[in-house]
Amino acid sequence: MTKSFMPHFKSGAELLDHQLKGLQWTVSHAYNGSPFYRQRLGQAGVRPADIQSLEDIRKLPFTSADDLRAGYPYPLLSVDPSRVVRIHASSGTTGQKKILAYTQKDIDDWAGFFARCYEMAGLCPEDRVQIAVGYGLWTAGIGFQLGCERFGSTAIPIGPGNVDLQCQFLVDFQSTVMCCTASMGLLMAEEINRRNLRDEINLKKMIFGSERSSDAMRQRIKELLRLEDMFDIPGMTELYGPGTGLECAKHEGIHYWADYYILEILDPVSLQPVPSDGVGEMVVTTLCKEAAPLIRYRTRDLTRRIQHACSCGSLLPMHDRILGRSDDMIIFRGVNIYPSQIDQVLSKIPEVNCEFQVVLERKEDGKDHMTIRLECCQGLAASRKPELERRVANRIKNEIDVSPHVVIVDYCSLPRSERKSKRIFDNRPR
Ligand code: ZN
């Protein structure tokens, strides 16, 4: 029997008790160890002794990426610098880097809960895990590797890109699991087919990090590679790194490690809890992180809580996949809308292409109006456009509860960008 990395709670109440103790420890540790936190908590009028229940988390002030940048190079540091054994930086941001420090216990905790990810994905010590994500200052590669070694499977740390070597090792080492972005997964699937290697490899599972994988993309990868299963792995540098949860094989949601952090899902404007299964911003508070503890850290990532217990029987609660970033939210006639919601509606309509623009204007009547300009698929007859416009408008009305004016434009007529495309044009007066 291999070692288990799952928590040993027998009930939800035991988990909540563990969370309260962790919350009390974190507030006290941050207050005593970090001048930043002492000042921030002082401004909010909270002292560690005020945290008597989990509801008292609402008394605590928020922290954000701005606090991390302002505290460069050692933001939120709550231990003596001599106890720091490593730093990482978050990737993908411009300007001042967000640097996070780790003690040895932080690294050990991270490795332990990352090992839990592999356990939840159903790996065993015989598995060979090809790690095709980045190594360096960021947390990706080394996180996947630490967790793999702790779990006891074989890590094959190739790093990203290098398709020739990826293919060669899939054949030579008969790798059973590949960890990569969903885009890389699709690229590999197409390449393996192009090279006719499908019957020479032994790949069974893929674990996708750092990028949301769409259902369409997953379906294509699964078919091309005849995989047993695929999993999305969430995580961010601020919260140790990747591996803060995983979908189980039932795929009813992402189980998250509630024994390491408290997850709040809040309305990004009012900062109040969203109603039961509403979409909101993920706000996290760590329970045992030493070097750079997080207190109500605003991640800007949007998701919703999944209310029902998973049929796998795990007590670990679930959130949905990451649905977008709160910075992208628009408020239209009192409704909060995220571009990813429009994206999701459009992806269900086969006659439209994925490129679109949303234009918001205030007309003479004083009301806000939304126009969605949308490309049709290649070769759609012009005579079919009016019907398609009506159908798209109805779908959006039904699913997002706003009534846009929909204009179907020709295939490939909207501007393309090599960087992120600008899709929202808010021309309303401020
Ligand atoms: Zn489950």
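Start by selecting K385, L388, V392, A393, I396 and I400: these are the buried residues of helix α10. Keep in mind throughout that this is a predicted model. Show the whole helix, residues 385-400, and you have 16 residues in view. From the first C-alpha to the last, α10 reaches 22 Å, close to the 22 Å expected at 1.5 Å a residue. Now turn the view to look down the axis of α10: the buried residues fall within an arc of 135°, so they line one face of the helix. For contrast, color R390 and N398, which are exposed and sit on the face turned away from the buried side.

Step off the end of α10 and you meet D401. This residue lies in the loop between α10 and β21 (405-409). Check its backbone: D401 has a positive phi of about 70° although it is not a glycine. Most residues other than glycine have a negative phi.

A similar stop awaits at R296, in the loop between β13 (279-286) and β14 (297-306). Its phi is also positive, near 45°, and R296 is not a glycine either. Is R296 buried or exposed? With a relative accessible area of 3%, R296 falls under the 20% limit and is therefore buried.

One more backbone feature is worth a visit. Select Y72 and P73: the peptide bond from Y72 to P73 is cis, with omega near 5°. P73 belongs to the loop between α3 and β1. Most peptide bonds, by comparison, are trans.

Stay in that loop, between α3 (65-70) and β1, and move along to D80. At 47% relative accessibility, D80 counts as partly exposed. Now add A291 and draw a distance between the two C-alpha atoms: D80 and A291 are 8.4 Å apart in space, with their positions 211 residues apart in sequence.

From this loop, go on to the strands β1 (residues 84-89) and β2. They run antiparallel and are joined by five bridges. To line them up, pick A89, which stands opposite I99 in β2. Then select the whole of β2, residues 99-103. Five of its five residues are buried, so the strand is largely enclosed by the rest of the structure. In a regular strand the side chains alternate between the two faces of the sheet. Here I99, A101 and T103 point one way, while L100 and Y102 point the other way.

Next, bring up the open sheet of five strands, whose order is β4-β3-β5-β6-β7 with parallel pairing. At its edges are β4 (154-157) and β7 (229-233), each of which pairs on one side only. Neighbouring strands in this sheet are turned by 20° against each other on average, direction ignored. Zoom in on β3 (residues 128-131) and β5 (residues 177-180), which pair in the parallel sense over three bridges. A handy landmark is I131, opposite C179 in β5. Then show α7 (residues 182-194): this helix lies across β5 and β6 (205-209), running at about 130° to β5.

Now for the nonpolar interior. Which residues have the most contacts inside the largest nonpolar core? Select L23, L60, Y118, F144, I207, L246 and W257, out of a core of 70 residues. Helix α4 (residues 104-120) gives the most to this core, with nine residues. A second, separate core has 25 residues, including I330, V345, L346 and I408.

Return to the largest core and center on L23. Leaving aside neighbours within four places in sequence, L23 is in contact with I51, S53, L54, I57, L60, I262, T285 and L287.

Finish with Q19, in helix α1 (residues 12-33). Which residues does Q19 touch, leaving aside neighbours within four places in sequence? They are L54, A258, Y261, I262 and L287. Among these, L54, I262 and L287 also appear in the contacts of L23. Color Q19 by accessibility as a last check: with a relative accessible area of 9%, Q19 is buried.

Definitions and conventions
Residues are numbered from 1 along each chain as its sequence is written. This is a predicted model: local features need pLDDT of at least 70, side-chain atom pairs count only at pLDDT 80 or more; totals for chains, interfaces and linings use all residues. Side-chain values use heavy atoms; hydrogens and water are left out. A nonpolar core is a set of buried Ala, Val, Leu, Ile, Met, Phe, Trp, Tyr and Cys residues joined through side-chain atoms within 4.5 Å. Buried means under 20% relative accessible area, exposed over 50%, partly exposed in between (1.4 Å probe, protein chains only). Helices (H or I, at least four residues) and strands (E, at least two) are DSSP runs, numbered from the N terminus. Contact means heavy atoms within 4.5 Å. Two strands pair if DSSP finds at least two bridges between them. The expected span of a helix is 1.5 Å times one less than its number of residues. The arc is that of the directions from the helix axis to the C-beta atoms. Axes are lines fitted to C-alpha atoms, for helices over the stretch in contact, and angles run from 0 to 180 degrees between N-to-C directions.
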